[in-house]
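This report describes one protein model, part by part. Look at the structure first, then read on.

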Amino acid sequence: MKDELYLITGAAGATGGAAIDELLLHGARVRALVHRDDDRAAALRARGVDVLTGDLLDDKAVQAALRDVSGAYFVYPIMQPQLIEATVYFAQAARVAGVQSIVNMSQISAKADAQSHAALAHWYGERVFDWSGVPVTHLRPTFFMEWLTYGFQLPQIVKHDMLSVPAGDGRHAPIAAADQGRVIARILLEPADHIGKTYPLFGAEEFDHEQVARIVGDTLGRTIRYVPESLDAFEARLGHAGLPEHFIQHITSVYRAYQAGEFAGHDDTVERITGRKPMTVRDYVLQNREIFTPDAQP
Ligand SMILES: NC(=O)c1ccc[n+]([C@@H]2O[C@H](COP(=O)([O-])OP(=O)(O)OC[C@H]3O[C@@H](n4cnc5c(N)ncnc54)[C@H](OP(=O)(O)O)[C@@H]3O)[C@@H](O)[C@H]2O)c1
């Protein structure tokens, strides 16, 4: 393992950053692809990571990033279209470079008949990797735990003690990026048993949004209510917030799928791969308490 080099894309992001933490813990050599050379890139360099700045839509940059790499994590931002194009560049470059294992971030809603354009692109992205012949493991997580901290949800919790999204009666087991980072690293370090597999990923406990609101509130010592929002109101709210049309189409479609039960489920995949149970909602809120605390917000 000492000589192997692992490429982590989305290295300044949630799951990429967590995968780097775990690989470094195991003494692995890591190359990071970041989109911007900023303080986050400098912090990675300070930890001994070989940092490249580049765009996943720049095929030459992707080829350079994959040179001499044994295993790679591929993650593409949900805010941007062109996932399929980025996947094609990555798969072809990995094939030419002889990469021995790729972990591909997809999502639980990746289906051939998905209404979300981004979820459909994830489904086609998986197929591109499969056709390419590069050894690949697909990850299909449910909603991340970090969902609680996204811009369309966090201010409601912090300022109004409220969780309001169009979740209906749907349920999911929120999964933290830290747990996914451990999964990604373990697969890259020992890929043999995982190649060709598709893993749905779930957190420790499955809840509806009333339960999530209650647990977040209990952990913070406040009362936080779930106030169901209509899909139309949600779509209008995100539009007023200036979020990209691509993302709004995705997220409203995904909430429709969520209401129909497509994000539900629970299993032991994370523990089986990492040897550790995934984080609970309570653990996550305790670890990130300051984010949810009104005084800490601008
Ligand atoms: N959130 C969920 O609940 C959920 C659930 C299931 C699956 N997923 C999947 O998870 C993925 C997102 O993972 P994440 O949360 O770890 O991502 P993330 O935190 O958004 O990080 C993505 C990183 O990619 C960088 N980036 C942006 N555009 C780029 C480009 N053109 N080329 C190269 N890098 C670029 C960003 O850089 P900057 O930071 O500099 O902008 C960012 O650091 C998506 O594919 C999504 O479908 C998410």
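## A proline in a loop

Pro-81 is partly exposed, because 17 other C-beta atoms lie within 10 Å of its own, while a buried residue needs 20 or more and an exposed one has 12 or fewer. The model in which this count was made is a predicted one.

Pro-81 belongs to the loop that runs between strand S4 and helix H4. Thr-9 is 72 residues away from Pro-81 along the chain, and 17 Å separates the C-alpha atoms of the two.

## Helix H3 and its surroundings

Helix H3 spans residues 59–66, and Val-62, Ala-65 and Leu-66 are buried in it. These residues lie on the same side of H3, because they cover an arc of only 90 degrees around the axis.

What do the buried residues of H3 pack against? Their partners are four strands, S1 (5–8), S2 (29–34), S3 (50–53) and S4 (71–74), together with helix H4 (83–97). Just after H3 comes Asp-68, which has a positive phi of about 70 degrees.

## The nonpolar core

The largest nonpolar core has 87 residues. Within this core, Ala-32, Leu-66, Ala-72 and Ala-94 touch the most other members. Leu-66 is also one of the buried residues of H3.

Leaving aside residues up to four places away in sequence, Ala-94 touches Leu-66, Ala-72, Val-99, Ile-102 and Val-134. As a general point, nonpolar side chains in soluble globular proteins tend to be buried together.

## Strands S5 and S6

Strand S6 covers residues 136–141, and 6 of its 6 residues are buried, so S6 is largely enclosed by the rest of the structure. Which residues lie on each side of S6? Val-136, His-138 and Arg-140 are on one side, and Thr-137, Leu-139 and Pro-141 are on the other; both faces are covered. In a regular strand, side chains alternate between the two faces of the sheet.

Strand S5, residues 101–105, pairs with S6 in the parallel sense over 4 bridges. In this pairing, Ile-102 stands opposite Val-136 of S6. Ile-102 is also among the residues that Ala-94 touches.

## Around the ligand

The ligand is surrounded by 23 residues, and the closest are Gly-10, Gly-13, Thr-15, Gln-107 and Phe-144. By type, the shell consists of 14 nonpolar, 7 polar and 2 charged residues.

Which helix supplies the largest share of this shell? Helix H1, residues 14–25, does so with 3 residues.

How values were computed. Residues numbered from 1 in each chain as written. Predicted model: local features only at pLDDT ≥ 70, side-chain atom pairs only at ≥ 80, totals over all residues. Near = placed C-beta within 6 Å. Helix = DSSP H or I, 4+ residues; strand = E, 2+ residues; numbered from the N terminus. Nonpolar A, V, L, I, M, F, W, Y, C, P; charged D, E, K, R; others polar. Arc of directions from axis to C-beta. Contact = placed C-beta atoms within 7 Å. Core = buried A, V, L, I, M, F, W, Y, C linked by C-beta atoms within 7 Å. Pairing = 2+ DSSP bridges.
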